[in-house]
Amino acid sequence: MIPSLPFLCFITDESHSPVDLAGKALEGGAAMIQLRHKSANGDQLYQWAIAIQALCRKHKAIFIVNDRVDIALAAGADGVHLGQQDLPAAAARKLLGKGRIMGISVSSPQEALAAEKNGADYIGFGHIFPTGSKAKTNDPVGPESIADVRAAIKIPIIAIGGISGKNALLPINAGASGIAVISAVSRADDPKKAARQLVELLQTNYEHCR
Amino acid sequence: MSIDVPAVLPRLCIISSGNDPDGSGLLIRRQIELLRPSLPCLMQIREKHLDASTLFRLSLTLKAAATGKNVLIILNERADIAAAAALDGVHMRESSYPPDRLRSFTGRMLIGKSVHSAESALNAAQSGVDYLIFGPVFDTPSKRQYGKPQGLDKLGEVCGAVSIPVLAIGGITPENTPRCLSEGAYGIAALSLFSDTSRFPGLLTTFEKILYS
């Protein structure tokens with residue numbers, strides 16, 4: 001279910017209307033949307049999830065809910081994305097069954113291997129570059145470290161953290177299957193155009209690689 | 001209206017303090033230790049500030065602590081964590097998503113819901129929850145941010161509107177509990193009342209008399 005071409009995952013940000021932004025990212029060609037909102041209440045998250053899931057169906061994209069396995073199941077999302085502070089992967093997998101996608105955030109080859117063993121379908125690896133979207137205490141891992149993770153696991157890697165049109169090819173060339181962005185789309189003057197430019201960049205690069 | 005009660009729903013609900021510093025569940029474990037077989041109890045974990053992995057570990061710890069005790073462990077809001085830890089139930093906030101969306105993965109777990117009006121109580125009951133918590137019935141410092149207490153008349157209205165059990169919350173004491181029961185409440189829920197473990201055994205004795213005789 002994870003796309004085979006290099007793809008764009010858009011993660012909704014905390015301060016904007018997630019449904020509108022998800023719609024624009026999808027129109028721009030994003031293949032995966034992750035609903036991530038830490039401060040919204042359950043009803044609000046559920047309503048957003050239902051709306052974004054419908055948009056993703058229309059665009060044949062994958063819809064993932066961050067942290068809340070319950071919201072993902074209630075809204076019929078395609079899967080969940082879990083951080084290291086969220087429900088443990090093995091416990092989440094039991095709730096999700098085999099049919100749904102489970103992504104896990106990791107920041108080292110060891111964590112990537114553990115995620116794969118515990119049933120992850122993909123990993124989010126980062127943060128690759130310095131980023132202001134999430135509070136980070138550790139240093140960026142750098143695009144070159146993707147090769148170590150690629151060597152450790154078989155499941156797809158989505159690179160995250162400080163990715164923009166200026167550097168999006170580096171993680172792909174280092175072995176990532178896709179890139180995940182927040183502010184590169186959400187804070188762009190034209191989010192749809194920003195998403196489209198990223199997607200075109202990734203897929204042009206793919207053609208070059210062939 | 002006759003009350004349709006899940007086979008084992010306790011009439012007493014103790015809610016955690018909400019300020020567990022690290023998710024160790026020290027106070028809740030002490031409270032569980034002090035419970036007695038003759039007084040069934042719902043213990044609701046409500047620690048909104050803890051992340052999901054900490055809540056999951058706390059759930060497993062409390063489930064183990066509850067083994068052999070006459071207590072059901074319920075987690076506030078996070079049905080996924082409750083199900084993953086095989087807890088006895090989940091308690092949904094009024095502002096949560098429709099509870100009928102939960103049954104596919106919660107199985108036979110109890111589902112409770114907080115309500116603050118008769119209309120909301122009716123909607124919740126129709127969506128298939130097992131019990132309601134209504135309040136604040138009386139004045140209580142922890143609930144003042146939500147406005148004036150609703151009073152006994154509103155409690156009576158809610159209890160009359162639904163056929164599932166209603167637990168009264170907000171400023172509950174042994175003294176005013178009989179008045180809640182007279183309005184049709186199935187039982188009571190409280191938080192700060194039970195936070196002083198030195199008074200806890202005495203309170204249990206009092207509530208056992210009021211709720212089960």
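**A loop aspartate of chain A and the interface with chain B**

In chain A, A:Asp67 lies in the loop between strand 3 and helix 3 (69–75). The model is a predicted one, and in it A:Asp67 has a positive phi of about 65° although it is not a glycine. At a relative accessibility of 11%, A:Asp67 counts as buried, because the cut-off for that class is under 20%. The side chain of A:Asp67 meets that of B:Arg78 in a salt bridge, with an N to O distance of 3.3 Å. Between chain B and chain A the count is two salt bridges, and ten residue pairs, both members at pLDDT 80 or more, are in polar contact.

On the side of chain B that touches chain A, helix 2 (52–65) and helix 3 (79–84) of chain B each supply at least two residues. Helix 3 of chain B gives the most to this side, with five residues. By class, the side of chain B that touches chain A is made up of nine nonpolar, three polar and five charged residues. In terms of contacts, 17 residues of chain B are matched with 18 residues of chain A. The two chains bury about 1,500 Å² between them, and 61% of this area is on carbon and sulfur atoms. Of the area that chain B buries against chain A, 32% is supplied by B:Asp80, B:Tyr97 and B:Arg101, more than by any other three residues.

Helix 2 of chain B comprises 14 residues and reaches 20 Å from its first C-alpha to its last, close to the 20 Å expected at 1.5 Å a residue. Within this helix, B:Ala52, B:Ser53, B:Thr54, B:Leu55, B:Phe56, B:Leu58, B:Ser59 and B:Leu62 are buried. The buried residues of helix 2 pack against elements of both chains: from chain A, helix 4 (89–96), and from chain B, helix 1 (26–34), strand 2 (41–45), strand 3 (71–76) and helix 3.

A second residue of chain A with an unusual backbone sign for its type can be set beside A:Asp67. A:Lys60 has a positive phi of about 55° although it is not a glycine, and A:Lys60 lies in the loop between helix 2 (42–58) and strand 3 (62–66) of chain A. With a relative accessible area of 78%, A:Lys60 is exposed, whereas A:Asp67 counts as buried.

Cis peptide bonds are found in both chains. In chain A, such a bond joins A:Gly126 and A:His127, with omega at about 0°, and A:His127 lies in the loop between strand 6 (122–126) and helix 6 (146–152) of that chain. In chain B, a cis peptide bond joins B:Gly135 and B:Pro136, with omega at about -5°, and B:Pro136 lies in the loop between strand 6 (131–134) and helix 6 (151–161) of chain B.

Further along chain B, B:Ile210 lies in helix 8, which covers residues 200–212. When its neighbours within four places in sequence are left aside, B:Ile210 is in contact with B:Pro174, B:Thr177, B:Pro178 and B:Leu181. The C-alpha atom of B:Ile210 is separated by 24 Å from that of B:Ala66, a residue 144 residues apart from B:Ile210 along the chain.

Notes
Residues numbered from 1 in each chain as written. Chains lettered and ligands numbered in written order. Predicted model: local features only at pLDDT ≥ 70, side-chain atom pairs only at ≥ 80, totals over all residues. Heavy atoms only, no water. Contact = heavy atoms within 4.5 Å. Buried area = accessible area lost by both parts, 1.4 Å probe. Salt bridge = Lys/Arg side-chain N within 4 Å of Asp/Glu carboxyl O. Polar contact = N/O pair within 3.5 Å; in protein donor to acceptor, adjacent residues only side chain to side chain. Helix = DSSP H or I, 4+ residues; strand = E, 2+ residues; numbered from the N terminus. Nonpolar A, V, L, I, M, F, W, Y, C, P; charged D, E, K, R; others polar. Expected span 1.5 Å × (residues − 1). Buried < 20%, exposed > 50% of the residue type's maximum accessible area, 1.4 Å probe, protein only.
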